[in-house]
Amino acid sequence: MRGTTVLPGSGDEEEAAFPTHRLAVPMPNVLPFAVGTFDTIGPMSRAVFPHRHTFYEILHVTGGTGRHVIDLTPWELRPPHLGVIVPGQVHHWEDAVGLDGAVVLFTEDFLLDHPGDADALRRLGERPWLRLDEHEHRRVGRLVAELDEEYRRGAEGFASVLAALLHVLVVRAARLGAGESRAAGGGRTRAVAEEFLRLLRRNEPALWSVGVCADRIGVTPGYLAEVVKAATGRTPGGLVREARVHEAKRLLARTDLTVRQVAARVGLADAAYFCRFFRRETGISPGDFRRGVDIHHDHRIESIARPARPA
């Protein structure tokens with residue numbers, strides 16, 4: 001696993017304003033997951049310049065002073081904290097001294113067995129900096145330590161154990177943030193966004209259309225786009241594509257359905273178009289994705305992002 005940075009002006013309209021950091025984890029080659037300390041993860045875990053991620057980041061901050069700025073909101077460090085950064089959010093550290101703790105990184109692919117976790121993480125992204133009491137601090141610390149041990153050992157079945165432990169961490173974090181998220185969201189706009197996400201979770205291809213969802217909820221597509229963007233930081237169209245790709249990956253990884261059958265199951269009757277769509281969204285063909293699911297290489301990392309060598 002390695003890190004890459006997409007610089008402004010690279011041509012991606014959603015990423016043009018800020019550098020975007022990716023986990024270069026092209027399945028099937030590397031597990032789309034990493035856990036370590038701020039030191040072992042690497043320089044990007046302490047980046048002082050605003051940037052985005054294409055992956056999720058969970059932080060268990062146990063020491064340090066300064067601020068973590070997420071989407072222009074500064075959060076003072078008074079450890080212990082649990083922080084959640086979701087794909088697309090802009091963040092950086094300000095005047096951070098003595099920063100200590102654990103960092104958990106993973107892509108959407110690591111949520112295949114628990115797709116509801118993506119919604120929980122997005123809700124946490126609205127209130128991404130949680131102060132832990134001593135009891136919760138110990139619970140989070142134990143979970144993160146177990147994740148780290150499984151990741152470092154890489155014993156048989158470790159990927160499924162990591163996925164299960166991560167699911168527990170996400171559920172517990174969601175419980176901690178639920179009250180604050182409700183207070184921050186509130187009202188009709190939040191209800192519309194929640195209903196849209198609920199429709200996507202039903203995994204019904206007929207609902208994977210912004211227009212259909214808007215009609216089902218009783219709002220215009222324009223209003224739906226506005227409230228979903230405000231609530232999640234994502235466009236409805238992007239979330240629809242993500243839902244379709246996520247279900248396609250699940251079917252490719254967990255069933256023996258043919259590519260043509262998978263295409264039909266996700267609402268794309270033309271198998272050739274499905275293959276083009278899947279490659280455009282993931283960078284890999286459906287066949288290559290399926291062939292690579294069970295191939296394991298060294299999943300561990302020395303650093304997510306090494307500093308570039310001077311020219």
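Is R122 buried or exposed? I looked this up first, and at 7% relative accessibility R122 counts as buried. I note at the outset that the model I am reading is a predicted one.

**Entry on the salt bridge of R122**

I then looked for the partner of R122 and found D119, with which R122 forms a salt bridge whose closest N and O atoms are 3.1 Å apart. D119 is also buried, because its relative accessible area of 5% falls under the 20% limit. Both residues sit in helix α2, which runs over residues 116-126, and being 3 residues apart there, they are separated by about one helical turn.

**Entry on the other salt bridges**

I recorded 21 salt bridges for the structure. One of them joins the side chains of R138 and E134, at 3.8 Å from N to O. These two belong to helix α3 (residues 134-153), and since they are 4 residues apart in that helix, about one helical turn separates them. I checked the accessibility of each partner, and R138 counts as partly exposed at 43%, while E134 counts as partly exposed at 48%.

I also noted that the side chains of E242 and R234 meet in a salt bridge, with 3.0 Å from N to O. Following shared partners from there, I could place E108, D119, R122, R201, R234 and E242 in one network of salt bridges, so the network takes in the buried R122 with which I began.

**Entry on aromatic pairs**

How many aromatic pairs does the count come to? I have 8 aromatic pairs written down. For F38 and W93 the ring centres are 6.0 Å apart and the planes stand at 80°, so I entered the pair as edge-to-face. F38 lies in helix α1 (residues 38-41) and W93 in strand β8 (residues 91-106), so this pair ties together parts that are 55 residues apart in sequence. Both F38 and W93 are buried.

I turned next to F278 and F289, whose ring centres lie 5.9 Å apart with the planes at 70°, so that this pair is edge-to-face as well. The pair links helix α10 (residues 271-282), which holds F278, with helix α11 (residues 286-292), which holds F289, the two residues being 11 apart. F278 counts as buried at 0% relative accessibility, and F289 is buried with a relative accessible area of 1%. I also wrote down one aromatic cluster, formed by F33, F110 and Y151.

**Entry on the nonpolar cores**

Which residues touch the most other members of the largest nonpolar core? Of the 47 residues in this core, I listed F33, I58, F106, L121 and L166. Helix α4 (residues 158-185) supplies the largest share of the core, with 8 residues. Another core, of 31 residues, lies apart from it and includes C213, V245, L251 and L268. As background I added that in soluble globular proteins nonpolar side chains tend to be buried together. F33 thus appears twice in my notes, as a member of the aromatic cluster with F110 and Y151 and among the residues with the most contacts to other members of the largest core.

**Entry on E194**

Last, I looked up E194, which is found in helix α5 (residues 187-201). At 24% relative accessibility E194 counts as partly exposed, because the value is not under the 20% that would make it buried. I also noted V228, which is 34 residues from E194 along the chain, with 8.5 Å between their C-alpha atoms.

Key: Residues numbered from 1 in each chain as written. Heavy atoms only, no water. Phe/Tyr/Trp six-rings, centres within 6.5 Å; stacked < 30°, edge-to-face > 60°. Buried < 20%, exposed > 50% of the residue type's maximum accessible area, 1.4 Å probe, protein only. Salt bridge = Lys/Arg side-chain N within 4 Å of Asp/Glu carboxyl O. Core = buried A, V, L, I, M, F, W, Y, C linked by side-chain atoms within 4.5 Å.
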